Amino acid sequence: MDWGMKNRLSRIIKADGKTVMLAVDHGYFLGPTTGLEKPWETIEPLVPYADCLMLTRGMLRSCVPPEVDIPIVLRVSGGTSIVGPELLHEGIIASIEDAIRLNVSGLAFSILVGADYERDTLLAFSEICDMGQEYGIPVLAVTAVGREMVRDAKYLALASRIAAEIGAHMVKTYYCEDFRKVVEGCPVPIVIAGGKKIPEKDALQMAYNAIQEGAIGVDMGRNIFQSSNPQAMIKAVRAVVHENATPDEAYEIFLKEGKE
Ligand code: 5RP
C-alpha cells in the first residue's frame, strides 16, 4: 500500500484502529431526509465528535465550509431514487478528478448483491476500486440491501466478501445475528450502518455488539441525526467505539449530555 493510501486510511480509521463515521449522504436517493433538511445546521454540532463525514459532493460543496477540518468519505454511487423504478441500479455519480479536487480521504460506493442489476453495480464498483488504487484513495463498499433481501449473516457475509474480493479497503454492512461470521469472512475492516431510527438504547446496544464481534466502528446516520439529542447520541456512540463503554454506560452518557 502506498503512502497516500495509508495516509488517507489513517485519517478515516484512527490510531486505536476504530472509527465513528457520520453518514449524512441520505439525500442522494431520499431527498431532504428528516433531520437533514438544513444539512449544516444538523452536521456542525456533530463535527467535533465524528472521525469523518460520509456525504455527496453536492452537499459537501454547498453545505460544508471548506475550512472545516474533518476527513471526507465521498459517496460516488447513486443516480436512482426512492420513487423511481430502478432504486437498486446505482452507477458512478462523481469522477475521480472531482474527488481529488475535493481533497477526499475515501470513496463510498453501494453494491447491490442479489438485485437485478447486481452485475452493473459490481462492475462499476471495480472501476471505482481501480481509480482509488491509481490515486491512493481508499474505497468503502456499502452493502446496500433491497427491500426484498434478508439481512442475515449468510447474505451479508456474501456481499461483504464479494466487496473485499473486488478491491474494497473497507466494508459498510448491517449488524445481524451471528455478525462474527460476517467479520470472519471479510479480510478488510467492517463498519456498521445504523439503519432506520430505533430507540437510542437499542442503537447503542447494536453498536456495542458489533464492536464486540469484530467491527471497527460505525458509519451511522439516522440513529444519530434523528435522535432527540444528536450531539448527546454521537458522544455516546463514540464512547462505545473508542472507549469500550458498555451499552448502559453509553446510555448514561446520552442521558447526562441531554440534560446539560
Ligand atoms: C444507503 C446508505 C445511507 O445513505 C446511509 O449512509 C445509511 O446510514 P444509516 O443507515 O445509519 O442512516 O448507506 O445504503
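**Helix faces, pockets and cysteines in a predicted model**

On the other side of helix α6 from its buried residues, Arg 119, Asp 130 and Glu 134 are exposed. The structure described here is a predicted model, and the buried residues of α6 are Thr 121, Leu 122, Ala 124, Phe 125, Ile 128, Cys 129 and Gly 132. Because these buried residues cover an arc of only 165 degrees around the axis, they are placed on the same side of α6. The helix itself runs over residues 118–135, and at 1.5 Å a residue its 18 residues should span 26 Å, which agrees with the 26 Å that separate its end C-alpha atoms.

Helix α9 can be described in a similar manner. For this helix, which comprises the 13 residues 200–212, a rise of 1.5 Å a residue leads to an expected span of 18 Å, and the end C-alpha atoms are indeed 18 Å apart, in agreement with that expectation. Within α9, the residues Glu 200, Ala 203, Leu 204, Met 206, Ala 207, Ala 210 and Ile 211 are buried. They cover an arc of only 155 degrees around the axis, and therefore lie on the same side of α9.

Cys 129, already named among the buried residues of α6, leads to the question of cysteine pairing. A disulfide is a covalent bond between the sulfur atoms of two cysteines. When the whole structure is searched, 0 disulfides are found. Cys 129 takes part in no disulfide, and the cysteine sulfur nearest to its own, which belongs to Cys 186, is 12 Å away, whereas a disulfide would require the two sulfur atoms to be within 2.5 Å. Cys 176 is likewise in no disulfide, with the sulfur of Cys 186 again being the nearest, at 12 Å. As for their surroundings, Cys 129 has a relative accessible area of 5% and is therefore buried, and Cys 176, with a relative accessible area of 5%, is buried as well; both assignments rest on the cut-off of under 20% for a buried residue.

Attention now turns to the empty space in the model. Rolling a probe the size of a water molecule over the atoms shows where empty space is left. The largest pocket has a volume of about 990 Å³, and its lining is made up of 38 residues, of which Phe 29, Leu 87, Val 145, Arg 151 and Tyr 174 lie nearest the centre. At least two residues of this lining come from each of α2 (27–30) and β10 (217–220), and α2 gives the most, with 3 residues. When the lining of the largest pocket is divided by class, 19 residues are nonpolar, 7 are polar and 12 are charged.

The second largest pocket has a volume of about 260 Å³, and among the 14 residues that line this pocket, Leu 60, Pro 66, Val 68, Ile 72 and Leu 102 are the closest to its centre. Its lining consists of 9 nonpolar, 2 polar and 3 charged residues.

In addition to these pockets, a search of the whole structure finds 1 cavity of 30 Å³ or more. The volume of the largest cavity is about 30 Å³, and the residues that line this cavity are Ile 12, Met 21, Val 73, Gly 106, Leu 107, Pro 138, Val 139, Leu 140 and Met 170. Two or more of these lining residues are given by each of the strands β6 (106–111) and β7 (139–143). By class, the lining of the largest cavity has 8 nonpolar residues, 1 polar residue and no charged residues.

Note on methods. Residues are numbered from 1 along each chain as its sequence is written. This is a predicted model: local features need pLDDT of at least 70, side-chain atom pairs count only at pLDDT 80 or more; totals for chains, interfaces and linings use all residues. Side-chain values use heavy atoms; hydrogens and water are left out. Buried means under 20% relative accessible area, exposed over 50%, partly exposed in between (1.4 Å probe, protein chains only). On a 1 Å grid over the protein atoms alone, a cavity is a set of points where a 1.4 Å probe fits but cannot get out, and a pocket is an open set with protein on both sides within 12 Å along at least five of seven lines; lining residues have an atom within 4 Å of a point. Grid points are joined across faces, edges and corners, and a volume is the space filled by probe spheres set on the points. Helices (H or I, at least four residues) and strands (E, at least two) are DSSP runs, numbered from the N terminus. Ala, Val, Leu, Ile, Met, Phe, Trp, Tyr, Cys and Pro count as nonpolar, Asp, Glu, Lys and Arg as charged, and the others, Gly among them, as polar. The expected span of a helix is 1.5 Å times one less than its number of residues. The arc is that of the directions from the helix axis to the C-beta atoms.
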